[in-house]
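Please examine the sequence and the three-dimensional structure shown below. The paragraphs that follow lead from one local environment to the overall form, and then to the surface and the charged pairs.

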Amino acid sequence: MNRLQNKTSVITGAATGIGKATVELFAKEGATVLCADINTEEMEKTANELNKNGGNVKSYHVDVSDEESVTNFANQVKEEFGTIDVLFNNAGTDQEGGKVHEYPVELFDKIIAVDLRGTFLSSKYLIPLMLDNGGSIINTSSMSGRAADLDRSGYNAAKGGITNFTKAMAIDYARQGIRVNSLSPGTIETPLIDKLAGSKDEEMGHKFRDANKWITPLGRLGRPDEMAKVALFLASDDSSYVTGEDITADGGIMAYTWPGKMLIDNEWKEDTE
Ligand code: NAI
């Protein structure tokens, strides 16, 4: 408890999934939480609920891919709070687009704009609010930033970019006392997975989840609150000597070389949750 007492945190992509779970955890840990997302309705629901129970949570309509929207937000935060201590660049989008020669240019541009450019813009305009006192920045990358997926080259490019952009920021701001790390989730049960693969009730969504369980050593998909706990570690002083690091939280997927074995081993399949 209170690991973020007196800390002002900005969380982008705060409305649903990993962002929402992190808003809840950071508020519980005593932070003032400034939520930024295009989905105002969901953000406000969460903020109202937390504020009823003593939280200090505000929501702002921000499109992280739009420079003007981000600068307006940064100006507003500066006016209202002066400085911030934590920035969680978590907003993201993903969609299959086919092979590179088929991949729609608009989709590639959109994913790069939200995931990679959005991380850059939010950092560029909010870092000035951290320069005096230092702080911690966490960028949500992905295991898809460390290896590649079928038909998702735009996402792979964006997330690979975020992982290395994180290291660049860590070096740029180390002497200002700003630590910068990335969090690379595996497959986490959030609305993004519903959009990408179908919901649990749809046949494809069901198959996708089963296959993911089989190839995940821990035998299940991850939960948003499990990602929030990693973000809390990186945001708090518990990680005071960690910077420029990419923390993968994927149930072990990236730890092995031959997922084929998992798909043909019945005992392994039966051991999933
Ligand atoms: P989600 O769809 O629940 O959350 C994404 C959030 O970003 C939503 O609230 C959405 O409204 C917001 N958003 C989208 N475009 C935006 C924009 N232009 N400006 C501001 N906000 C915007 O999905 P999830 O899974 O919680 O995603 C959070 C992050 O985690 C994303 O960066 C995603 O790429 C990453 N991730 C998710 C994985 C998963 O398996 N769910 C795996 C690896 C990474």
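In this predicted model, a suitable place to begin is Val-57, which touches Val-23, Ala-27, Val-33, Cys-35, Ala-47, Leu-50 and Asn-51 when residues up to four places away in sequence are left out of account. Val-57 also belongs to the largest nonpolar core, a set of 30 residues in which Val-23, Phe-26, Val-33, Val-57 and Leu-183 touch the most other members. Two or more residues of this core are given by each of α1 (17-28), β2 (32-37), α2 (40-52), β4 (86-89) and α8 (224-235). Helix α8 supplies the largest share, with seven residues. A second core, separate from this one, holds 21 residues, among them Tyr-60, Ile-84, Ile-137 and Val-180.

These interiors belong to a protein with ten helices and seven strands. Its radius of gyration is 18 Å, close to the 19 Å that the globule rule gives for 273 residues, so the protein is as compact as a globular protein of that length. Along the principal axes, the C-alpha atoms fill a box of roughly 55 × 40 × 35 Å. Of the 273 residues, 48% count as buried. Among contacts between residues at least 6 apart in sequence, 71% join residues at least 24 apart.

The outer face can be considered next. The protein exposes about 13,400 Å², of which carbon and sulfur atoms supply 50%. On this surface, Trp-258, Leu-263 and Ile-264 form a nonpolar patch with about 360 Å² of accessible area together. Trp-258 is placed in the loop between β7 (246-249) and α9 (259-264). Because its relative accessible area is 55%, Trp-258 is classed as exposed. Another loop residue, Gly-54, is found between α2 and β3 (56-61); at 66% relative accessibility, Gly-54 likewise counts as exposed. The C-alpha atoms of Gly-54 and Ser-144 are separated by 37 Å, with these positions 90 residues apart along the chain counted as their separation.

The charged side chains remain. Side chains of opposite charge can pair when their charged atoms come close. A search of the whole structure finds 18 salt bridges. In one of them, the side chains of Arg-3 and Glu-29 meet at 3.8 Å, N to O. This pair links distant parts of the chain, since Arg-3 lies in the segment before β1 (8-12) and Glu-29 in the loop between α1 and β2, 26 residues apart. Arg-3 is partly exposed, with a relative accessible area of 39%, whereas Glu-29 is buried, at 5%.

Another salt bridge joins the side chains of Arg-152 and Asp-94 at 2.6 Å, N to O. Here too distant parts of the chain are linked: Arg-152 is in the loop between β5 (135-140) and α5 (153-173), and Asp-94 in the loop between β4 and α4 (105-126), 58 residues apart. Arg-152 counts as buried at 13% relative accessibility, and Asp-94 is buried at 7%.

In a further salt bridge, the side chains of Arg-209 and Asp-194 meet at 2.8 Å, N to O. Arg-209 lies in helix α7 (residues 203-214) and Asp-194 in helix α6 (residues 191-197), so the pair ties together parts that are 15 residues apart in sequence. Arg-209 is buried, with a relative accessible area of 6%, while Asp-194 counts as partly exposed at 33%. Finally, salt bridges that share partners join Arg-220, Arg-223, Asp-225, Glu-226 and Lys-229 into one network.

Technical notes
Residues are numbered from 1 along each chain as its sequence is written. This is a predicted model: local features need pLDDT of at least 70, side-chain atom pairs count only at pLDDT 80 or more; totals for chains, interfaces and linings use all residues. Side-chain values use heavy atoms; hydrogens and water are left out. A nonpolar core is a set of buried Ala, Val, Leu, Ile, Met, Phe, Trp, Tyr and Cys residues joined through side-chain atoms within 4.5 Å. Buried means under 20% relative accessible area, exposed over 50%, partly exposed in between (1.4 Å probe, protein chains only). Helices (H or I, at least four residues) and strands (E, at least two) are DSSP runs, numbered from the N terminus. Contact means heavy atoms within 4.5 Å. Patches are made of residues with over 30% relative accessible area and no salt bridge: like charges are joined within 9 Å, nonpolar side chains (Val, Leu, Ile, Met, Phe, Trp, Tyr) within 5 Å. Accessible areas come from the Shrake-Rupley method with a 1.4 Å probe; for residues, only the protein chains shown count as cover. A salt bridge is a side-chain nitrogen of Lys or Arg within 4 Å of a carboxyl oxygen of Asp or Glu. The radius of gyration is taken over C-alpha atoms; the globule rule is 2.2 Å times the number of residues to the power 0.38.
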